[in-house]
Amino acid sequence: MTRYLRGAATLAAACALMGAAGAAGALPVLVSPVEPMRADALFVAPRAPWAAGHRGIDLRAATGQPVLSPGDGVIAFSGPVVDRGVVTVDHGGGVVTSLEPVEHSPPAGTEVRSGEAIAVVGEDAGHCAPVTCVHWGVRVNGEYRDPLDLLAGFGPVVLLPLPDGDG
């Protein structure tokens, strides 16, 4: 087997193992809360918990469009925060997602399934004005993470070494 084919086989095996690890309970694989998924602004991690950053991604949406649960879970919060509606889903294992601006979300304690409509995009354009978007934030054990790291088909890029003897 050539070095290239061994590297490709190693990469394929690693991807399979990473998928199995995710299924075993590491972090959930999430789906986009709006379809089609078009990002207007990406995650920008703050340098410190109190510093400036963009703690989520902004997804282009239309007022009244369905907002989907990014994964199985329980509604942890549903209601206004300052000037807009917010819905938060607890996915278990320390993973929580928040979506805003939304309207007509179910009350806290409601069980939801991945891809299930849980709200509609609110009339407030939010911080994306003049366009309308849904801001999608993800926290893992209280720390903000890039939603794309948990999104089905995305995930963080991990480089693996070639097998021994191919170096």
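In the predicted model, Glu100 of strand E6 has His135 of strand E10 as its bridge partner. The two strands run antiparallel and are joined by 6 bridges. His135, placed in strand E10, counts as buried because its relative accessible area is 12%, under the 20% cut-off. The side chain of His135 also makes a polar contact, at 2.8 Å, with the side chain of Asp58.

On its other pairing, strand E6 is joined to strand E5 by 5 bridges, again in an antiparallel arrangement, and within this pair Val87 stands opposite Leu99. E5 and E6 form a hairpin with 2 residues between them, and Gly93, which lies in the turn, has a positive phi of about 65°. Strand E6 is mostly covered, with 6 of its 6 residues buried. In a regular strand the side chains alternate between the two faces of the sheet. In E6, Val95, Thr97 and Leu99 point one way, whereas Val96, Ser98 and Glu100 point the other way, and all of these residues are buried.

The second largest pocket of the model has a volume of about 190 Å³. Strand E5 (84-92), strand E6 (95-100) and strand E10 (133-140) each supply at least two residues of its lining. The lining consists of Arg55, Val81, Val86, Thr88, Ser98, Leu99, Glu100, His135, Gly137, Arg139 and Tyr144, and thus includes both Glu100 and His135, the bridge partners described above. By class, 4 nonpolar, 4 polar and 3 charged residues make up this lining.

Side chains of opposite charge can pair when their charged atoms come close. A search of the whole structure finds 4 salt bridges. Glu100 takes part in this pairing as well, being linked with Asp83 and Arg84 in a network of salt bridges. Within the network, the side chains of Arg84 and Asp83 meet at 3.5 Å, N to O, and Asp83 counts as exposed because its relative accessibility is 51%, where exposed means over 50%. Glu100, by contrast, is among the buried residues of E6.

A further salt bridge brings together the side chains of Asp40 and Arg60, at 2.8 Å from N to O. This pair links distant parts of the chain, with Asp40 in strand E1 (residues 39-41) and Arg60 in strand E2 (residues 57-60), 20 residues apart. Both partners are partly exposed, Asp40 having a relative accessibility of 36% and Arg60 a relative accessible area of 31%.

Asp72 forms a salt bridge with Arg113, in which the closest N and O atoms are 3.4 Å apart. Asp72 lies in the loop between strand E3 (66-68) and strand E4 (73-81), while Arg113 lies in the loop between strand E8 (111-112) and strand E9 (117-121), so the pair ties together parts of the chain that are 41 residues apart in sequence. With a relative accessibility of 37%, Asp72 counts as partly exposed, whereas Arg113, with a relative accessible area of 54%, is exposed.

Notes
Residues numbered from 1 in each chain as written. Predicted model: local features only at pLDDT ≥ 70, side-chain atom pairs only at ≥ 80, totals over all residues. Heavy atoms only, no water. 1 Å grid on protein atoms, 1.4 Å probe; cavity = no way out; pocket = protein on both sides within 12 Å on 5 of 7 lines; lining within 4 Å. Points joined across faces, edges and corners; volume = space filled by probe spheres on them. Helix = DSSP H or I, 4+ residues; strand = E, 2+ residues; numbered from the N terminus. Nonpolar A, V, L, I, M, F, W, Y, C, P; charged D, E, K, R; others polar. Buried < 20%, exposed > 50% of the residue type's maximum accessible area, 1.4 Å probe, protein only. Pairing = 2+ DSSP bridges. Polar contact = N/O pair within 3.5 Å; in protein donor to acceptor, adjacent residues only side chain to side chain.
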